[in-house]
Amino acid sequence: MYGYKKLMIKIILIIAVLLLLLLLVKSISPENRKKLPLLIISVAAIGLAFLVLPRLGLNPLIVLQKLIQLMPFLKGIIPL
């Protein structure tokens, strides 16, 4: 019975995210609609990373924290 509740919570969260994405897409101005496929691909990649990384033994939030720690180093390398 516990697995059923967990599955229902996941389904509700997926539906909520899809509705939020739909509302965000509708609110984008026509001149920014060219960037929409890139936005969708990036959101999908981030979502996939949050699903796959824990199965590989990596916590996505720890990886994000490590990337944030590297930001000053990258800022020094990349010329502006």
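## A residue to start from

Leu7 is partly exposed, as its relative accessible area is 47%. That value falls between the cut-offs, since buried means under 20% and exposed means over 50%. Leu7 belongs to helix 1. As a first sense of distance, take Leu7 together with Gln65: 58 residues separate the two in sequence, and their C-alpha atoms lie 29 Å apart in space. Please keep in mind as you look around that this is a predicted model.

## The overall build

What kinds of elements will you meet along the chain? There are 3 helices and 0 strands, and from the N terminus on the order is α-α-α. The chain is more spread out than a compact globule, because its radius of gyration is 17 Å, well over the 12 Å that the globule rule gives for 80 residues. Along the principal axes, the C-alpha atoms fill a box of roughly 55 × 40 × 15 Å.

The surface adds to this picture. Of the 80 residues in the chain, 5% are buried. About 7600 Å² is exposed by the chain, and 78% of that comes from carbon and sulfur atoms.

## Helix 3 and its bend

Helix 3 covers residues 60-77, which makes 18 residues. From its first C-alpha to its last it reaches 25 Å, close to the 26 Å expected at 1.5 Å a residue. Where does helix 3 bend? Look at Met71, where the bend is about 40 degrees. A proline, Pro72, follows within four residues of that point.

## The largest pocket

A helpful bit of background comes first: rolling a probe the size of a water molecule over the atoms shows where empty space is left. In this model, the largest pocket holds about 400 Å³ of space. Its lining has 13 residues, and the closest to its centre are Val17, Leu21, Val43, Ala44 and Gly47.

Which elements give two or more residues to this lining? They are helix 1 (2-27) and helix 2 (36-52). Helix 2 supplies the largest share of the lining, with 7 residues. Helix 1, one of these two contributors, is also the helix in which Leu7 lies.

How values were computed
Residues numbered from 1 in each chain as written. Predicted model: local features only at pLDDT ≥ 70, side-chain atom pairs only at ≥ 80, totals over all residues. Heavy atoms only, no water. Rg over C-alpha atoms; globule rule 2.2 N^0.38 Å. Buried < 20%, exposed > 50% of the residue type's maximum accessible area, 1.4 Å probe, protein only. Areas by Shrake-Rupley, 256 points an atom, 1.4 Å probe, with all protein chains shown as cover. Expected span 1.5 Å × (residues − 1). Bend = angle between axes of the 7 residues up to and from the residue. 1 Å grid on protein atoms, 1.4 Å probe; cavity = no way out; pocket = protein on both sides within 12 Å on 5 of 7 lines; lining within 4 Å. Points joined across faces, edges and corners; volume = space filled by probe spheres on them.
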